[in-house]
Amino acid sequence: MNHSHPELAEQFVKDAERTTWHDETLWFVRQKRDRSIYAIPEFQELRELASQIKNHTLSRLHTYLTQFEEAARANGVQVHWAANAEEHNAIVLNILRKHGAERIVKSKSMLTEECHLNPYLLQHGIQVVDTDLGERIIQFRNEPPSHVVLPAIHLKKEDVGETFHLHLGTLKGEKDPQTLTEAARLHLRTKFVSGQVAISGVNFAVAETGSVVVCTNEGNADLGVTLAKVHIACMGIEKLIPRLTDLGVFTRLLARSATGQPVTTYTSHYTKPGPGKEMHIVIVDNGRTKQLGRPDFRASLKCIRCGACMNTCPVYRRSGGHSYDFTIPGPIGAILSPNIDMHKHKSLPFASTLCGSCTDVCPVKIDIHTQLYKWRQVIGENNELPASKKWSMKLLSRVLSSPGVYGWGGKVARESLRLLPHGFTHAKALNPWAKAREMPAPPKQSFREWYEQQNSNGKA
Amino acid sequence: MKVALFVPCYVDQFYPQVGVASLQLLEKLGVKADFPMQQTCCGQPMANSGCERDAVPVYQHFVKTFRDYDYVVAPAGSCVYHVRKHFDIIDQTTEVQHVRTNTLELVDFITTVLGVTEIPGSFPHKVGLHLSCHGQRGLHQANESEITPVRDGQLRRLLSSLQGIELTELDRNDECCGFGGTFCVAEEAVSARMGQDRVQDHVRNGTQVLTGGDMSCLMHLEGIVRRRQLGIKVMHAAELLNGNPV
Ligand code: SF4
């Protein structure tokens, strides 16, 4: 399978109409975000505060993790530590086995996606149902999410209608969102009721209280957890915030940045198991401490997964989440992925114009585009660039550090463009620029030639 | 005040009129700028491709060429941003620091150093302004639509002072055009699509002359305009401010 972003993106862009729709849908979300943040005068202060809290927490992660674990245990919660995806999956399976659970409900968690928990549990004979509507749709289709907040945003309502027709027996050609949602709701109800264990993600983990906070709009996490006997909350180590009073800063930023809502419909706090019930928290590293140890990329761990950088990214909007071929797509995914597998994801830091919109939109002030630029250098130094690029850049450097060669080279290029037939200079196979664009019309004189002439005429 | 004009490589080769307009505009504003013949490029193409190390000799050459000037002025926000932000990998001698802090984009120089806020002249056309990301988000020359509170943009203000000019209101004020240096060939499909969308916004809103502070974005947009034979004229802002005819 090909993982390169340009090729996957090219496939996406070929469907011009779908690209337009994808771009406009996400831009609409971005505009909703703008309206809601313009309405808060202190928005920049909030961002700064959130950024500082996260920086502080990351600088003492060990202390806060320990504090969190102690508080959670004191609340009667069982805490587990997983160094990687395999350990995480094994821990979850173990808990399920202990309870003889065969059917579980899960509310959206990018972490379990990252660990490929679903296929793992299926292999072990356990039925997993994603209860978030978007997640459920892509689960039916056997696709990964294409966005962290809007996992099925790559699908139009016609696609959803077709999927539900196949899996839920709705009428063929049905595409009314209301009807489709109703069908999904009925279907999910039965799953909630029969779910023996509920797995949820974690948006924030409060060190001081040992509780975890989950933000949803559908209330599905609550429903799942309330009905099941056992709750397993899975979180990455970077989800920590120090105190309960810090939470408000983040909940105000999260929903606004994500969808333009003042706050998510449900912000659920889970602190201790209900009577006769069990609560587990699985704390996962899976490459995060490695990223913490890379000073240039450490700040990427501040991410609260609002998805705003995806909505704003002009490249993401026109290439779709799947073109990134990583659990977290978009600009932030492009700085998280090389940490996990530099070779596989080497094209992602280049899937950006470095316009900086991601950095400006990020509620926790991650310098995303700067990190993309830095990853490019790391990738170059690790010999992961195509040989053609590597050598052409070396050659270019020689040309550009010697004015004589540069002047001559420029002239040759310009003259060839002028003299060679258009069909040759614009051959699509030789010149990717020319697939959709004309080359600049070459002038007779370069600026320096003009300047020299002026000088010799004694005018300049 | 000793001022040097830096004309980026592609402007030198393909858009000499932009260099000429910049020089003449500065002269009208009372600044006689030199053009050191030794100059080549800022090194951005290599650096953005992940070959920053290869760009070091080019950085050194840039500093050597311009170290004796009070200001280095360029009609290209992207190159200026590169010099200011990414020349951090070479030894930070006083010379290097001097060149980095005193390399300015043309409109920025006119606005902040010369303190000019109005340019005499007229340009009775419907003008669409392309806000280039590096100038706007990198050098903060205009308000970023992501950031509050809303600020005025340097170039918009200067252009508005021209008589008879009508500025296009775009649906997306500051969306990236998709040029992105080597991105334009490495990610050709997305780059072209972004450029087409950008141009379409101008077409929809009636732009006759498309302008901006960065010739690299304009080169890309012009390539699309010409391929589609849209009849929009693409000109660098220096040309408009200098009173060049359409
Ligand atoms: S990087 Fe920033 S904008 Fe992107 S998802 Fe994370 S918090 Fe949101």
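A search of the whole structure, which is a predicted model, finds 39 salt bridges over all chains. Side chains of opposite charge can pair when their charged atoms come close. Several of these pairs are worth following individually.

In chain A, Asp130(A) forms a salt bridge with Lys106(A), and the closest N and O atoms are 3.0 Å apart. This pair links distant parts of the chain, since Asp130(A) belongs to strand S3 (residues 127-130) of chain A and Lys106(A) to strand S2 of chain A, 24 residues apart. Asp130(A) has a relative accessibility of 2% and therefore counts as buried. Lys106(A), at 1% relative accessibility, counts as buried as well.

A further salt bridge joins Arg288(A) to Glu114(A), with 2.9 Å between the closest N and O atoms. Arg288(A) lies in helix H13 (residues 288-292) of chain A and Glu114(A) in helix H6 (residues 110-114) of chain A, so the pair ties together parts that are 174 residues apart in sequence. Arg288(A) is buried, with a relative accessible area of 7%. Glu114(A) has 16% relative accessibility; because buried means under 20% relative accessible area, Glu114(A) also counts as buried.

In chain B, Arg172(B) forms a salt bridge with Glu175(B), the closest N and O atoms being 3.0 Å apart. Both Arg172(B) and Glu175(B) are buried. Through salt bridges that share partners, these two residues belong to one network with Asp23(A), Arg317(A), Arg318(A), Arg193(B) and Asp197(B). The network thus includes residues of chain A and of chain B.

The architecture of chain A provides the setting for the pairs described above. Its secondary structure comes to 22 helices and ten strands, and its C-alpha atoms fill a box of roughly 95 × 55 × 45 Å along the principal axes. Of the 460 residues of chain A, 57% count as buried. Among contacts in chain A between residues at least 6 apart in sequence, 73% join residues at least 24 apart. The chain is divided into domain 1 (40-286), domain 2 (294-382) and domain 3 (387-458). Between the centres of domain 2 of chain A and domain 3 of chain A, taken over C-alpha atoms, the separation is 32 Å.

One sheet of chain A can be traced strand by strand. It is an open sheet of four strands in the order S8-S5-S6-S9 (chain A), with mixed pairing. Strand S8 (240-241) and strand S9 (266-270) of chain A stand at the edges, each with a single partner strand, so one side of each is left without a neighbour in the sheet. Strand S5 (residues 204-206) of chain A runs parallel to S8(A), and two bridges join them. Ala205(A) has Leu240(A) as its bridge partner in S8(A).

Two helices of chain A relate to strands of this sheet. Helix H12 (residues 247-259) of chain A lies across S5, strand S6 (211-216), S8 and S9 of chain A, and runs at about 175° to S5(A). In helix H11 (residues 220-227) of chain A, the buried residues are Asn220(A), Ala221(A), Gly224(A) and Val225(A). Seen down the axis of H11(A), these residues fall within an arc of 125°, so they line one face of the helix. Their packing partners are strand S2 (103-106), helix H10 (177-194), strand S4 (197-200), S6, strand S7 (230-236) and S9 of chain A. Strand S2 of chain A, one of these partners, is also the strand that holds Lys106(A) of the salt bridge with Asp130(A).

Conventions
Residues are numbered from 1 along each chain as its sequence is written. Chains are lettered from A and ligands numbered from 1 in the order in which they are written. This is a predicted model: local features need pLDDT of at least 70, side-chain atom pairs count only at pLDDT 80 or more; totals for chains, interfaces and linings use all residues. Side-chain values use heavy atoms; hydrogens and water are left out. Domain bounds come from an automatic or database domain assignment. Two strands pair if DSSP finds at least two bridges between them. Contact means heavy atoms within 4.5 Å. Axes are lines fitted to C-alpha atoms, for helices over the stretch in contact, and angles run from 0 to 180 degrees between N-to-C directions. Buried means under 20% relative accessible area, exposed over 50%, partly exposed in between (1.4 Å probe, protein chains only). The arc is that of the directions from the helix axis to the C-beta atoms. A salt bridge is a side-chain nitrogen of Lys or Arg within 4 Å of a carboxyl oxygen of Asp or Glu.
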